[in-house]
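Please read the following explanation alongside the sequence and the structure. It goes from one helix to the sheet, then to the loops and the ligand.

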Amino acid sequence: MELAVTEIRNILTRTTGFLKTVTSHSVQPYRGCSFGNALCGVGCYVQHNPYATQGRPWGSFLEVRKNGADSYRLHVDRERRWARKSRGKFGVFLSSSTEPFLPQEFRYRVTEKLLHAMLESPPDLLILQTHSHWVTEYLEIHRQLHRCCDLRVHVSIETDIEEFPGLPPHASSVERRFDAARTLKESGIRTVITVSPLMPIQEPEPFFSRIAECADAVVIDHFVQGDGSPNGSRTERTALPAAMAAVRPDSVDVAYRDRMVETAKQYLPGRVGVNIDGFAGRYRA
Ligand code: SF4
């Protein structure tokens, strides 16, 4: 993997498109993702974003934005004023195009420094989105952020299958991500499990029952209607749908999502979100 240490002008990006309904800003401590060759990288929506990839294969590069925290400090007051005026509140989604808790984080500490900068000058809302059990490495910082802003941690767990036939291994095992979610929830931090993108679930009832124990809510996002293209055509170009269909042929159809939503509602009534509404914290009755 090609690794570069870079600088960013303004780490606070004003959101556009679907994300606009979730938060006013997104923050990417890295460009690219070193989990790109793991299971979640196969169907990762970001690989279709030319700004993020600049034509490079997903998982082949990582840019470390070493000045992320300084950039946040420099721009936060102006961006907060803009967000409150034009979007109602200053919300940060960390991260929509990379993983904040990559192995490289523990060498470069870009996310950790950013979180400290946010403690000095917090957003109104902070959503931490992760596919990694390493999110709990910064548990004490999360606890402090929880006291000074509306913090929500989203832990992605897209299936209950640890070794998915035909796909590379998970970067962070299903078991360890469940443990991380439980630790966060038991620390009093609002924790949401994002089943995103939904893959075949071997045992739906135990899976959603476990989510109800380890999290405050669940979001179920299918690549059809979820990947930003009409009918999931972007994801159709990846190896994900064929691997899903080999395990459960009906799982590539959006009706599968709706069946999983009905099962989830039995365990988390009023706390099940679907696609972008769920990421925004809008749950189905
Ligand atoms: S961790 Fe997130 S950004 Fe990275 S490859 Fe997986 S889904 Fe994509």
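On one side of helix H11, Ala255, Asp258 and Glu262 are exposed. The model is a predicted one, and this helix is a convenient place to start reading it. The buried residues of H11 are on the other side: Tyr256, Arg257, Met260, Val261 and Ala264. Looking down the axis of H11, these buried residues fall within an arc of 145 degrees, so they line one face of the helix. The general geometry of helices helps here: an α-helix has 3.6 residues a turn, so residues three or four places apart point the same way. The length of H11 can also be checked. The helix covers residues 254-267, and its 14 residues should span 20 Å at 1.5 Å a residue; the C-alpha atoms at its ends are 21 Å apart, which agrees.

The sheet comes next. Eight strands make up an open sheet, and their order is E2-E3-E6-E7-E8-E9-E10-E11. The pairing in this sheet is mixed. Strand E2 (13-14) and strand E11 (272-274) stand at its edges, each with a single partner strand, so one side of each has no neighbour in the sheet. As a general point, strands of a sheet pair through backbone hydrogen bonds, either parallel or antiparallel.

Strand E9, residues 190-195, is a useful reference within the sheet. Of its six residues, five are buried, so that the strand is mostly covered. Strand E8 (residues 150-156) runs parallel to E9, and five bridges join the two. One pair across them is His154 with its bridge partner Val192 in E9. Between these two strands the chain passes through helix H7 (residues 174-186), and the resulting β-α-β crossover from E8 to E9 is right-handed.

On from E9, the pairing with strand E10 (residues 217-220) is also in the parallel sense, over four bridges. Here Ile193 has Val218 in E10 as its bridge partner. The chain goes from E9 to E10 by way of helix H8 (residues 204-214), in a right-handed β-α-β crossover. E10 in turn pairs with E11 in the parallel sense, over three bridges. The bridge partner of Ile220 in this pairing is Val274 of E11.

Helix H7, already met in the crossover from E8 to E9, can be read in the way H11 was. H7 has 13 residues and reaches 18 Å from its first C-alpha to its last, close to the 18 Å expected at 1.5 Å a residue. Arg177, Phe178, Ala180, Ala181 and Leu184 are its buried residues. Seen down the axis of H7, they fall within an arc of 160 degrees and so line one face of the helix.

In the loop between E8 and H7 is Gly166. With 13 other C-beta atoms within 10 Å, Gly166 is partly exposed. Gly166 and Lys113 are 53 residues apart in sequence, and their C-alpha atoms are 38 Å apart in space.

Some backbone details deserve a look. The peptide bond from Leu94 to Ser95 is cis, with omega near 15 degrees. Ser95 belongs to the loop between strand E6 (91-94) and helix H4 (105-108). Another cis peptide bond joins Ser196 and Pro197, where omega is about -10 degrees. Pro197 is in the loop between E9 and H8, on the path of the crossover from E9 to E10.

Positive phi values are found in two residues that are not glycine, Arg109 and Asn275. For Arg109, phi is about 60 degrees. Arg109 is in the loop between H4 and helix H5 (110-120), and is partly exposed, with 18 other C-beta atoms within 10 Å. For Asn275, phi is near 50 degrees. Asn275 lies in helix H12 (residues 275-279). The count for Asn275 is 21 other C-beta atoms within 10 Å, and a residue is buried at 20 or more, so Asn275 is buried.

Finally, which residues surround the ligand? They are Cys33, Phe35, Gly36, Cys40, Gly41, Cys44, Val46, Thr98, Glu99 and His131. By class, this shell has five nonpolar residues, four polar ones and one charged one.

Key: Residues are numbered from 1 along each chain as its sequence is written. This is a predicted model: local features need pLDDT of at least 70, side-chain atom pairs count only at pLDDT 80 or more; totals for chains, interfaces and linings use all residues. A residue is near a molecule or strand if its C-beta atom, placed from the backbone, lies within 6 Å of it. Ala, Val, Leu, Ile, Met, Phe, Trp, Tyr, Cys and Pro count as nonpolar, Asp, Glu, Lys and Arg as charged, and the others, Gly among them, as polar. A residue is buried if 20 or more other C-beta atoms lie within 10 Å of its own, exposed if 12 or fewer, and partly exposed in between; C-beta atoms are placed from the backbone. Two strands pair if DSSP finds at least two bridges between them. A crossover is right-handed if, with the strands pointing away from the viewer, the path from the first strand over the helix to the second runs clockwise. The expected span of a helix is 1.5 Å times one less than its number of residues. The arc is that of the directions from the helix axis to the C-beta atoms.
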